[in-house]
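Here's a quick briefing on salt bridges, ring pairs and a pocket. Have the structure open while you read.

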Amino acid sequence: FAIFILIARAQAQNYDEAKVPAYTLPDVLKTSDGQLVKNKPDWEKKRRPEVLTLFENNIYGQMPKTFDNLTYKVTNEVKDAMNGKAHLKEVTITVTKGNKSADIHLVLFTPNHVKKPVPAFLLINNRGKENTDPTRATKSEFWPAETVIESGYAVAAFHVSDGAPDNKNTYQDGILRLYPEQLETDNGMKAIGAWAWTASRVLDYFQKDKNIDAKKVFVVGHSRGGKAALWAGVQDQRFAMVFSNCSGNTGAALARRRFGETITRINTSFPHWFTNNYKKYNDNEAALPVDQHMLIALIAPRPVYATNATKDLWADPKGTYLSLINAQPVYALYKKPSGLSPEPPAINTAIINSILGYHNREGIHNLTTFDWQNFIRFANYHYPKKG
Ligand code: GCU
């Protein structure tokens with residue numbers, strides 16, 4: 001009987017395009033009182049705040065913005081790291097509220113021999129801490145710091161556990177200790193919100209680091225980290241650009257397609273990621289007042305790059321591309337058409353010269369050098385280096 005249930009659950013995940021249900025996406029440009037948004041001011045003053053609140057209340061939770069103090073301490077510094085090519089700083093950022101505080105541990109390499117301040121890539125690291133080894137004894141495609149440095153950008157990372165341990169029993173032990181009231185409410189922030197909040201505090205620090213151009217900080221995340229990166233870019237308009245790698249369900253992929261991971265599955269496996277309210281949409285996607293194309297639209301007019309991998313159908317490559325396509329009307333209000341074709345590009349073909357970038361890499365669910373090389377190309381396109 002148990003085996004039967006397991007099989008039934010496994011079959012409930014659809015990987016067949018022919019079985020994607022008919023669906024209608026909520027109109028990103030139509031206000032709750034039925035008006036059609038036709039220009040930038042109406043989007044920014046009426047519809048954007050409305051859509052943002054819908055995402056907060058139903059999915060990612062509130063984003064507390066107040067704290068008493070943010071201080072930082074450089075705990076390790078190597079001026080000639082990477083054979084003299086980079087300056088390493090390990091920084092502990094401490095956020096205090098009342099009698100409580102939380103520490104964020106940042107690893108940051110800044111390129112030497114380039115004009116300062118420099119733009120920076122910030123990774124929300126949801127995998128092992130060895131991926132961002134400051135000694136560089138361990139190197140990983142997940143955070144190819146040397147490649148980013150060679151391209152003239154700073155590269156930084158923090159681990160998700162500083163924001164919220166990725167565990168349903170202990171996620172409260174990170175920054176949520178500063179905001180216990182969030183745990184009492186059905187639209188309270190949980191782990192994904194906490195990771196996005198943490199990315200913003202790193203950006204606060206960047207504003208104080210004279211070597212970093214805080215107006216050009218690009219937030220990057222893979223999978224669950226890619227969901228948080230999108231939410232960070234939405235919540236904090238100081239992020240110049242978002243890279244969301246294989247972020248799938250409740251990331252860059254449309255929920256209503258029910259292709260691969262579904263809302264029921266994500267809420268069941270990871271009850272500590274999203275609001276209690278989100279559980280109302282288990283097997284009930286049509287009732288959601290939003291879909292993920294609207295999350296991308298909230299980042300407009302800033303560039304967004306989303307990726308997938310061919311063997312990662314769980315994260316719905318096609319549904320990700322369709323999110324970008326359906327976010328275009330908001331970019332058009334800013335006269336930033338993306339010119340995406342209705343069909344996704346060929347495998348391993350990156351769309352770079354566009355406000356909305358995309359590729360579907362051959363291979364498995366991962367963050368790789370191929371992905372990063374295209375992130376760098378996309379950054380170069382949007383922020384060409386002068387001189
Ligand atoms: C699981 C989860 C996904 C998530 C992924 C990851 O597969 O279902 O939603 O993106 O883990 O973070 O690698």
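Let's start with Glu-50, which counts as partly exposed at 21% relative accessibility. That's only just past the line, because buried means under 20%. Keep in mind that this is a predicted model. Glu-50 has a charged partner, Arg-47, and the two side chains meet in a salt bridge.

**Salt bridges**

- The N to O distance between Arg-47 and Glu-50 is 2.6 Å.
- Arg-47 and Glu-50 both sit in helix α2, 3 residues apart, so about one helical turn separates them.
- Arg-47 is the buried end of this bridge, with a relative accessible area of 4%, while Glu-50 is partly exposed.
- Asp-283 and Arg-258 also pair up through their side chains, with 3.5 Å from N to O.
- Here the partners come from two loops: Asp-283 from the one between α8 and α9 (292-297), Arg-258 from the one between β7 and α8, so the bridge ties together parts that are 25 residues apart in sequence.
- Asp-283 counts as exposed, at 53% relative accessibility, and Arg-258 is partly exposed, at 26%.
- Some bridges share partners: Glu-17, Arg-257, Asp-316 and Lys-318 are joined into one network that way.
- Within that group, Arg-257 and Glu-17 form a salt bridge at 2.7 Å, N to O.
- Which parts of the chain does the Arg-257 and Glu-17 pair link? Arg-257 is in the loop between β7 (241-245) and α8 (263-269), and Glu-17 is in the loop between α1 (2-12) and α2 (40-60), 240 residues apart.
- Arg-257 is buried, with a relative accessible area of just 2%, whereas Glu-17 is partly exposed, at 36%.
- The count for the model comes to 17 salt bridges.

**Aromatic rings**

- How many aromatic pairs does the structure hold? There are 27.
- One of them is Phe-121 with Trp-372: the ring centres are 5.9 Å apart and the planes are at 65°, so this pair is edge-to-face.
- Phe-121 belongs to strand β4 (residues 118-125) and Trp-372 to helix α11 (residues 369-382), so this contact ties together parts that are 251 residues apart in sequence.
- Phe-121 is buried, with a relative accessible area of 0%, and Trp-372 is buried too, with 1%.
- Trp-273 and Phe-274 make another edge-to-face pair, because their planes are at 90°, with 6.1 Å between the ring centres.
- Are Trp-273 and Phe-274 buried or exposed? Both are buried.
- Ring pairs also build a cluster out of Phe-121, Tyr-153, Phe-218, Phe-243, Tyr-305, Trp-372, Phe-375, Phe-378 and Tyr-383.
- For a charge over a ring, look at Arg-201, which lies over the face of Trp-197, at 4.8 Å from the ring centre.

**The second largest pocket**

- The second largest pocket holds about 210 Å³ of space.
- Its lining is made up of 16 residues, and those nearest the centre are His-105, Leu-106, Val-107, Lys-129 and Thr-132.
- Which strands each supply at least two residues of this lining? They include β2 (86-97), β3 (100-111) and β5 (154-159).
- In terms of chemistry, the lining divides into 6 nonpolar, 6 polar and 4 charged residues.

**Two more charged residues**

- Lys-227 is found in helix α7 (residues 224-235), and this lysine is buried, with a relative accessible area of 3%.
- From Lys-227 to Gln-172 the C-alpha atoms are 19 Å apart, and the two residues are 55 apart along the chain.
- Arg-127 lies in the loop between β4 and α4 (145-150) and counts as partly exposed, at 31% relative accessibility.
- Arg-127 and Val-330 are 33 Å apart in space, C-alpha to C-alpha, and 203 residues apart in sequence.

Key
Residues are numbered from 1 along each chain as its sequence is written. This is a predicted model: local features need pLDDT of at least 70, side-chain atom pairs count only at pLDDT 80 or more; totals for chains, interfaces and linings use all residues. Side-chain values use heavy atoms; hydrogens and water are left out. On a 1 Å grid over the protein atoms alone, a cavity is a set of points where a 1.4 Å probe fits but cannot get out, and a pocket is an open set with protein on both sides within 12 Å along at least five of seven lines; lining residues have an atom within 4 Å of a point. Grid points are joined across faces, edges and corners, and a volume is the space filled by probe spheres set on the points. Helices (H or I, at least four residues) and strands (E, at least two) are DSSP runs, numbered from the N terminus. Ala, Val, Leu, Ile, Met, Phe, Trp, Tyr, Cys and Pro count as nonpolar, Asp, Glu, Lys and Arg as charged, and the others, Gly among them, as polar. A salt bridge is a side-chain nitrogen of Lys or Arg within 4 Å of a carboxyl oxygen of Asp or Glu. Buried means under 20% relative accessible area, exposed over 50%, partly exposed in between (1.4 Å probe, protein chains only). Rings of Phe, Tyr and Trp (its six-membered ring) pair if their centres lie within 6.5 Å; planes under 30 degrees apart count as stacked, over 60 as edge-to-face and the rest as tilted. A charge sits over a ring if NZ of Lys or CZ of Arg is within 6 Å of the ring centre and within 35 degrees of the ring normal.
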